[in-house]
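Work through the exercises below with the sequence and the structure in view, and try each task before reading its solution.

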Amino acid sequence: VWMQRPFDHTVKIWDVRNGRCIHTLAGHHGEISSTQFNYAGDLCISGSIDRTCKVWDVASGQCIHTLRGHNDEILDVCFDFTGSKLVSASADATSRVFNTMTGACQAILVGHEPGGEISKVCFNPQGSRILTASSDKTARLWEIETGGCMQILEGHTDEIFSCAFNYEGDTVITGSKDNTCRIWRCS
């Protein structure tokens, strides 16, 4: 199964074996900026420039939750490895952690510079930390339970567009518009 984000404010789920569209997920009021399946493949999320995220049931194509709270467009979305939590990244310089099943916001991650849109977000493999990458030239490591910033990764000279944890969750890599990648140890 594969997801596509056409420019008509929908998400399309495709069966890659036969090339047929399984569902067209409609409900956003702006372009879709990010999509992701959970590990089990039974849920997917979409983030949009309409400032919302939607959690979808893959089998039925039905929207389970519409997640609100951001003041600007959503740029990235990500499930944790268990699928029980998801995180959104926004041009409003915040990220929000949501409970996948209830749709409740569990934490708001605030600390990037105003105007420092967060372009990429990811969970560590353990599901206890989140990494955000921003146009403020920093990446930040967050503790999910408290929503507190644990570490600020400074050193890039331009926007950071990409970030990822290693499999142990103790090292991250960031990629920047400054044409460099940096490897960092997590504290």
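**Exercise 1: Cysteines**

A search of the whole structure, which is a predicted model, finds 0 disulfides. Task: explain why Cys 44 and Cys 163 are counted in no disulfide, and decide whether each is buried or exposed.

Solution. Begin with the general idea that a disulfide is a covalent bond between the sulfur atoms of two cysteines. The cut-off needed here is that the two sulfur atoms must lie within 2.5 Å. For Cys 44, the nearest cysteine sulfur belongs to Cys 63 and is 9.6 Å away, and Cys 44 is in no disulfide. For Cys 163, the nearest cysteine sulfur is that of Cys 122, at 4.1 Å, and Cys 163 is likewise in no disulfide. As for exposure, a residue is called buried if its relative accessible area is under 20%. Cys 44 has a relative accessible area of 0% and is therefore buried, and Cys 163, at 4%, also counts as buried.

**Exercise 2: Positive phi**

Task: state where His 9 and Lys 137 lie in the chain, and what sign phi has in each of them.

Solution. As background, most residues other than glycine have a negative phi. His 9, found in the loop between strand E1 (2-4) and strand E2 (10-15), has a positive phi near 75 degrees, and at 30% relative accessibility it counts as partly exposed. Lys 137, in the loop between strand E13 (129-134) and strand E14 (138-143), has a positive phi of about 75 degrees although it is not a glycine, and at 38% relative accessibility it counts as partly exposed.

**Exercise 3: An open sheet**

Task: give the order of the 4 strands in the open sheet, and say which strands stand at its edges.

Solution. The order is E8-E9-E10-E11, with antiparallel pairing. E8 and strand E11 (105-110) stand at the edges, because each has a single partner strand and so one side of each is left without a neighbour in the sheet. From one strand to the next, the twist averages 15 degrees. Within the sheet, strand E9 (residues 85-90) is joined to strand E10 (residues 94-99) by 5 bridges, and Ala 89 stands opposite Ser 95 in E10.

**Exercise 4: The largest pocket**

Task: describe the lining of the largest pocket, naming the residues that lie nearest its centre.

Solution. The largest pocket, with a volume of about 300 Å³, is lined by 21 residues, and Gln 36, Cys 78, Phe 79, Phe 81 and Cys 122 lie nearest its centre. Strand E4 (32-37), strand E8 (74-79), strand E12 (118-123) and strand E16 (160-165) each give two or more residues to this lining. By residue type, the lining divides into 13 nonpolar, 5 polar and 3 charged residues.

How values were computed:
Residues numbered from 1 in each chain as written. Predicted model: local features only at pLDDT ≥ 70, side-chain atom pairs only at ≥ 80, totals over all residues. Heavy atoms only, no water. 1 Å grid on protein atoms, 1.4 Å probe; cavity = no way out; pocket = protein on both sides within 12 Å on 5 of 7 lines; lining within 4 Å. Points joined across faces, edges and corners; volume = space filled by probe spheres on them. Nonpolar A, V, L, I, M, F, W, Y, C, P; charged D, E, K, R; others polar. Buried < 20%, exposed > 50% of the residue type's maximum accessible area, 1.4 Å probe, protein only. Pairing = 2+ DSSP bridges. Axes fitted to C-alpha atoms, helices over the stretch in contact; angles between N-to-C directions.
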